[in-house]
Amino acid sequence: MPATALIRETEIERYASAIEPQQAVATLTGVTKRYGDTLALDELNLALRAGEVVALLGPNGAGKSTAVRLLLGLIAPTAGTARVFGGDPQTPSTRLRVGAMLQVARIPETLRVREHLDLFRSYYPNPLSMAEVVRIAQLDGIEDKMFSKLSGGQKQRVLFGLAMCGDPDLVFLDEPTVGMDIEARRGLWQQIRTLANRGKTVLLTTHYLEEADALAHRIVVLSKGKIVSEGTPAEIKSASAGRKIRCRTRLSAELLRALPGVTSVEQSSDDVVVMTPRAEDVVREMLLRDETLSNLEISSPALEDAFLALTTSH
């Protein structure tokens, strides 16, 4: 595993151990939501804590959008309670502390970027300055362009800027980097990390699993309205798919499959790939049995592998 990945996982684990339950700024408690005969959320419990980035993942129809809409106060639960900053998410005082960037958002195409920012800033008693919003959302040089003339990535940056106008304490970001080039995407990632470092809370929904892996302190995986896994990116990957051992060995596939902790073995003409949540123990056993073992690599699975394993089994 690259050193930067190890550092990232260590930082996340240290952060997660420092979070205390009483720091929750938004909660869904025993929430069930039905749309007619359709069950969107099934007795869901979710807590968002101060200073963390939470990635809410799941296939289409898993209940992600419903959970976000409940916390935004756009809909009410069929059963259970939604609380933001200890109160009703629909109250004006609560909404002043919340920012949202949603894919369903529609804003006038005929206004300039600066006009949009001025309008949204006017909704808040203590908004960020125009210069600060432009800096955070990387809008320098396009302030006077018509929204209709912007590229897809530029429009996304404007929507992010609008979500930041009130300097919110809780931010909902729905697919925030769709249409962005690599430079703009990495720039927005840095701003999300800065928000968390300032004690803000970010709920992120994304289909870019690399994005969730890079940003989230905690990942919550939904399937059919229920949480099927929750933890740091490292925990999600290890719990669902184990780790991968690749090497050259004289040991047979049958013998390897019989080792304690081995979940699968794939063998080619040159290498063998062993999956296990107990990689170190398995490698020690392999070395004891085959002193010629070579080309050894141990790696964590990709978040995509873990996501597919979790959501296809429920």
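Strands β5 and β6 pair in the parallel sense over 4 bridges, two strands being counted as paired if DSSP finds at least two bridges between them. Helices (H or I, at least four residues) and strands (E, at least two) are DSSP runs numbered from the N terminus. The model is predicted, so that local features need pLDDT of at least 70 and side-chain atom pairs count only at pLDDT 80 or more, whereas totals for chains, interfaces and linings use all residues. Residues are numbered from 1 along each chain as its sequence is written, and side-chain values use heavy atoms, with hydrogens and water left out.

Within the β5 and β6 pairing, V98 has L170 of β6 as its bridge partner. Both strands belong to an open sheet of 6 strands in the order β5-β6-β7-β3-β8-β9, with mixed pairing. Because β5 (98-101) and β9 (226-231) stand at the edges, each with a single partner strand, one side of each is left without a neighbour in the sheet. From one strand to the next the twist averages 15°. Helix α6 lies across β5 and β6 and runs at about 170° to β5, where axes are lines fitted to C-alpha atoms, for helices over the stretch in contact, and angles run from 0 to 180 degrees between N-to-C directions.

The largest nonpolar core has 36 residues, and those with the most contacts inside it are L117, L139, F160 and L173. Such a core is a set of buried Ala, Val, Leu, Ile, Met, Phe, Trp, Tyr and Cys residues joined through side-chain atoms within 4.5 Å; buried means under 20% relative accessible area, exposed over 50%, and partly exposed in between (1.4 Å probe, protein chains only). Leaving out residues up to four places away in sequence, F160 touches M101, I136, A137, L173, L188 and Q191, contact meaning heavy atoms within 4.5 Å. Apart from this core lies another, of 26 residues, among them L46, L71, I75 and L102.

In the loop between α7 and β7 is K200, which counts as buried at 6% relative accessibility. Its side chain makes polar contacts with the side chains of D167, at 3.3 Å, and D169, at 3.2 Å. A polar contact is a pair of N or O atoms within 3.5 Å; within protein, one must be able to donate a hydrogen and the other to accept it, and residues adjacent in sequence count only if both atoms are side-chain atoms.

A further open sheet has 4 strands in the order β11-β12-β10-β13, with antiparallel pairing.
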